[in-house]
Every structure is written in structure tokens, then in C-alpha cells.
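Let's take a walk through a small report on one protein chain. Have the picture open while you read, and look up each residue as it comes along.

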Amino acid sequence: MNNESYRKVMGELLRKFRESRGISRDHVAKIGEMPIHQVSEVESGETNYTMDTFISYVRGCDLYMYFAEKDPDRLLEHDFADLIKKAKK
């Protein structure tokens, strides 16, 4: 799977989440302080958008984001592709 594929899958998941919460693209753009075309770019996964755009999108959807370090003493149990497969289910 390449980066564009990851962006498309992630964008689709974000769009579904936004729609499930009844949040419009206009709302995301307003709250995230971003042009509405960038909301579409994140959700379509077609464009290699910046981190600033992604963070604005997250803020506009009122999402919480966190990062966790992998345990270096354990073998890699899941890679990103596995996580995407699980998220689709």
C-alpha cells in the first residue's frame, strides 16, 4: 500500500466520522480556520496536504488526537495496513 492509498482510506474514515456526527464541511472549515476546498482534499485523499491542513481538519471536527510509542521490546504486532483493515471492520 502506498501513501496515496493510506490518505484515501484515512480520508474516507474521517469523512464517515464527520458525517456520522452531523458536521458539515462548512463547519469544519469555519472552526478549523481553513478553506473549504482543503476539507475536501483531506477527505478525498487525492492531495498530499500539509500537517497544518490535517491539524486544522482535526480541530474543525473536534477530534482528539494522540500518539503512542511502540514498545521497543516487543515484536511489531500490527502495522499501519493492519490497523486500517481493523478500522474498516
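What follows goes from the overall fold to the core, then to the salt bridges and the surface.

## The overall picture

Keep in mind that this is a predicted model. The chain has 5 helices and 0 strands, so if you read along the sequence you get the pattern α-α-α-α-α. Of its 89 residues, 28% are buried. Contacts also reach across the sequence: of those with a separation of 6 or more, 61% are between residues 24 or more positions apart.

How confident is the predictor? The mean pLDDT of the chain is 85, with 76% of the residues at 70 or more. Helix 2 has the highest mean among the elements, at 97, while helix 5 has the lowest, at 64. Where pLDDT is low, the predicted coordinates should not be read in detail.

## The nonpolar core

Nonpolar side chains tend to be buried together in soluble globular proteins. Here, the largest nonpolar core holds 12 residues, including Leu 14, Ile 23, Met 34, Phe 54 and Cys 61. Which helices each supply at least two residues of this core? They are helix 2 (25-32), helix 3 (36-44) and helix 4. Helix 4 gives the largest share, with 3 residues.

Val 58 is another member of this core. Leaving aside its neighbours within four places in sequence, Val 58 is in contact with Leu 63 and Met 65. We'll come back to Met 65 at the surface.

## A chain of salt bridges

The whole structure has 7 salt bridges. A good place to start is Arg 18, which is buried with a relative accessible area of 5%. The side chain of Arg 18 forms a salt bridge with that of Glu 43, at 2.5 Å from N to O. Arg 18 sits in helix 1 (residues 3-20) and Glu 43 in helix 3, so this pair ties together parts that are 25 residues apart in sequence.

Is Glu 43 buried or exposed? Glu 43 is buried, because its relative accessible area is 4%, and a buried residue is one under 20%. Glu 43 has another partner too: Arg 25, in a salt bridge of 2.9 Å from N to O. Arg 25 belongs to helix 2 and Glu 43 to helix 3, so here the parts tied together are 18 residues apart in sequence. Arg 25 itself counts as partly exposed, at 32% relative accessibility. Through shared partners, salt bridges join Glu 12, Arg 15, Lys 16, Arg 18, Glu 19, Arg 25 and Glu 43 into one network.

Glu 19 joins in through Arg 18, and the closest N and O atoms of that salt bridge are 3.8 Å apart. Glu 19 counts as partly exposed because its relative accessibility is 43%.

## Out on the surface

The chain exposes about 6600 Å², and carbon and sulfur atoms supply 53% of that area. Which residues make a nonpolar patch on the surface? Met 51, Ile 55, Met 65 and Phe 67 do, over about 440 Å².

Now back to Met 65, which lies in the loop between helix 4 (51-60) and helix 5 (80-88). Met 65 has 34% relative accessibility, so this residue counts as partly exposed. Met 65 therefore appears in two places in this report: as a member of the surface patch, and as a contact of Val 58.

Notes: Residues numbered from 1 in each chain as written. Predicted model: local features only at pLDDT ≥ 70, side-chain atom pairs only at ≥ 80, totals over all residues. Heavy atoms only, no water. Patch = residues over 30% accessible without salt bridge, like charges linked within 9 Å, V, L, I, M, F, W, Y side chains within 5 Å. Areas by Shrake-Rupley, 256 points an atom, 1.4 Å probe, with all protein chains shown as cover. Salt bridge = Lys/Arg side-chain N within 4 Å of Asp/Glu carboxyl O. Helix = DSSP H or I, 4+ residues; strand = E, 2+ residues; numbered from the N terminus. Buried < 20%, exposed > 50% of the residue type's maximum accessible area, 1.4 Å probe, protein only. Contact = heavy atoms within 4.5 Å. Core = buried A, V, L, I, M, F, W, Y, C linked by side-chain atoms within 4.5 Å. pLDDT = per-residue confidence, 0-100.
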